Amino acid sequence: MNSIRMTSKQFEILRSYLLSDPEQEAAAFLVAGFFKNDKGIHFVVRDVLIPEDKDYDFRSSYHLEVSPIFFNKAISRAERNNVTVIQCHSHPFSRDELWYSPSDYAGESTSSKTIYDCLESKPMGSLLFGQNMIMGRIWLAPGKKPEPIDEIRIVDRHMQINKISSRFESKEKIDTDLYDRQIRAFGIKGQKLLSQLTVGIVGAGGTGSAVAEQLAREGVTKFVIVDHDKFTKSNKTRLYGSYETTKESEYKVDIVKKNIQKIEPKVNVKTIPGNVISQNVLHQLKNCDVVFSCTDRHAPRSVLNELAHQFFIPLIDVGVGLDAKNEKIEGGSVRVSLSSPSLPCLYCMGIINSDQILAESLSKDERESRQKEGYVKGMMDDVPSVITFTTMAASYAVLLFKDLFFNIIKSNSNTILLDVTTFVTSRLAATVQNDCVCTLRMGKGEYMHMSAP
């Protein structure tokens with residue numbers, strides 16, 4: 001399933017320009033990263049380059065020629081960012097049918113070779129817009145037949161997966177009796193969408209296991225679950241799927257997998273009993289459509305934040321913090337945040353910071369020593385954790401997941417924050433920072449190394 005991924009703003013700018021004049025073809029370029037996963041080939045868009053009238057050498061209703069100067073501008077922008085180019089144009093006369101013409105093929109064949117030669121053997125993408133249809137293809141190398149683009153994925157505060165080819169039409173049948181109540185809420189198309197998504201969960205503890213259980217009951221059928229920890233006795237108070245008979249030598253991911261498959265035996269669950277701060281693990285998470293961060297550490301959150309913005313894979317980060325003194329809860333909060341292209345990321349919102357990542361890398365003795373010297377902020381190694389609040393956080397996270405696709409929450413905020421003692425909800429005020437990691441990494445794909453060994 002090959003795709004091009006972009007934000008809603010990028011898509012609207014592109015479509016509006018290409019179809020603005022019904023009497024003339026139009027062209028534009030997207031500067032984009034690129035990556036492959038087990039599902040296919042994908043482009044992720046950084047910038048949209050719109051030409052001015054002077055940037056055309058010729059333009060009519062059936063043919064156009066972009067000036068070499070503007071084409072070179074697109075290549076130069078891609079080269080500076082170490083990414084590639086998607087060439088776009090329109091057939092404004094096409095309404096119910098759309099196809100690439102022989103001249104389109106010849107022109108793109110030449111352009112793709114130029115891009116391949118100038119951008120260190122990088123592929124070129126192509127999009128063709130009609131009034132009511134879109135087609136796309138990928139030129140991987142000179143002389144190689146282009147491959148079709150199957151979907152355009154819009155990713156930011158919400159996600160839309162728009163199929164533009166029929167190569168992979170799903171014939172899967174939904175059990176309408178089983179999901180009757182959900183279908184009444186989201187429709188049969190919504191239920192089919194849930195069954196086709198691959199969801200990653202990093203952290204298989206109190207929040208992660210609760211997220212997994214809810215998603216399995218709602219009809220998600222493909223999971224990637226990551227956690228390097230093994231079960232301990234105290235986990236039984238929070239870990240869904242654990243029992244008195246659960247052995248302490250068992251990995252949490254395996255416990256969660258067994259629990260999911262008790263709910264629905266046909267579910268496909270890939271377990272990774274390893275640390276997410278690993279290139280191998282991150283590579284496997286690229287297969288996901290959405291990832292839940294259910295970890296209480298900043299370093300894993302940081303690399304997952306990178307994944308979200310480099311590859312346009314939305315991240316739902318889950319946090320629970322309780323303040324207890326003298327065996328009594330005196331404060332705390334439950335928070336879930338969506339980190340996705342064009343939105344403030346976890347760094348922009350102040351949820352993670354480099355000082356905390358540094359502190360986590362120290363041994364307990366060294367951290368305590370540096371805390372006394374004032375070099376690192378305090379970190380508690382043993383914090384309160386109660387299933388009531390971890391389950392609440394998981395439920396909010398699944399709500400944000402549903403909102404991502406079904407637009408339930410009538411708010412543009414990307415965070416749900418609840419004070420557990422006052423039961424007051426609020427939202428974090430944040431803006432995207434130009435020098436933040438999310439801006440620097442947006443749409444880079446595999447052309448930027450991630451912060452993991």
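## Helix H6 and its cover

Contact here means heavy atoms within 4.5 Å. With that in hand, welcome to this predicted model, and let us begin at helix H6, which takes in residues 252–263. The residues of H6 that are buried are Lys-252, Val-253, Ile-255, Val-256, Asn-259 and Ile-260. Viewed down the helix axis, these buried residues fall within an arc of 160 degrees, so they line one face of H6. The spacing in that list fits a general rule: an α-helix has 3.6 residues a turn, so residues three or four places apart point the same way. Helix H5 (206–218), strand S13 (222–226) and strand S14 (268–272) are among the elements that cover the buried residues of H6.

The length of H6 can be checked too. At 1.5 Å a residue, its twelve residues should span 16 Å, and the C-alpha atoms at its ends are 17 Å apart, which agrees.

## Helix H11

Helix H11 covers residues 387–406, 20 in number. From first C-alpha to last, H11 reaches 28 Å, close to the 28 Å expected at 1.5 Å a residue. Most of H11 is covered, with 15 of its 20 residues buried. After H11 comes Asn-407, which has a positive phi, near 55 degrees.

## A nine-stranded sheet

Now for the sheet. It is an open one, made of nine strands in the order S9-S8-S7-S6-S2-S3-S1-S10-S11, with mixed pairing. Its edges are strand S9 (147–148) and strand S11 (159–163), each of which pairs on one side only. As a general reminder, strands of a sheet pair through backbone hydrogen bonds, either parallel or antiparallel.

Helix H2 (residues 68–81) lies across three of these strands: S2 (27–37), S3 (40–49) and S6 (84–90). The helix runs at about 35 degrees to S2.

## Strands S1 and S10

Which neighbours does S1 pair with? Strand S1 (residues 3–6) runs parallel to strand S10 (residues 151–155), and the two pair over four bridges; S1 is also parallel to S3, joined by three bridges. Arg-5 shows both pairings: it stands opposite Arg-153 in S10, and its bridge partner in S3 is Val-44. Both faces of S1 are covered, with Ser-3 and Arg-5 buried on one side and Ile-4 and Met-6 buried on the other.

S10 is mostly covered as well, as five of its five residues are buried. Glu-151, Arg-153 and Val-155 point one way from the strand, while Ile-152 and Ile-154 point the other way. Towards S11 the pairing is antiparallel, with five bridges, and Val-155 stands opposite Met-159 in S11. S10 and S11 make a hairpin with three residues between them.

## Two loop residues

Is His-91 buried or exposed? This residue is found in the loop between S6 and helix H3 (102–118), and at 4% relative accessibility it counts as buried, because the cut-off is under 20%. Leaving aside residues up to four places away in sequence, His-91 touches Glu-25, Leu-98, Trp-99, Ser-101, Asp-104, Leu-128, Phe-129, Gly-130 and Gln-131.

Lys-173 lies in another stretch, the loop between S11 and helix H4 (180–196). Lys-173 is exposed, with a relative accessible area of 78%. From Lys-173 to Lys-192 the distance is 8.2 Å, C-alpha to C-alpha, and the two are 19 residues apart in sequence.

## Cysteines without a bond

How many disulfides does the structure hold? It holds zero. In general terms, a disulfide is a covalent bond between the sulfur atoms of two cysteines. For Cys-345, the closest cysteine sulfur is that of Cys-436, 3.5 Å away, and this is too far for a bond because a disulfide needs the sulfur atoms within 2.5 Å. Cys-438 is in no disulfide either, and its nearest cysteine sulfur, in Cys-345, is 3.7 Å away.

Solvent reach is a separate matter for these residues. Cys-345 is buried, at a relative accessible area of 0%, and Cys-438 is buried at 3%.

Notes:
Residues numbered from 1 in each chain as written. Predicted model: local features only at pLDDT ≥ 70, side-chain atom pairs only at ≥ 80, totals over all residues. Heavy atoms only, no water. Buried < 20%, exposed > 50% of the residue type's maximum accessible area, 1.4 Å probe, protein only. Pairing = 2+ DSSP bridges. Axes fitted to C-alpha atoms, helices over the stretch in contact; angles between N-to-C directions. Expected span 1.5 Å × (residues − 1). Arc of directions from axis to C-beta.
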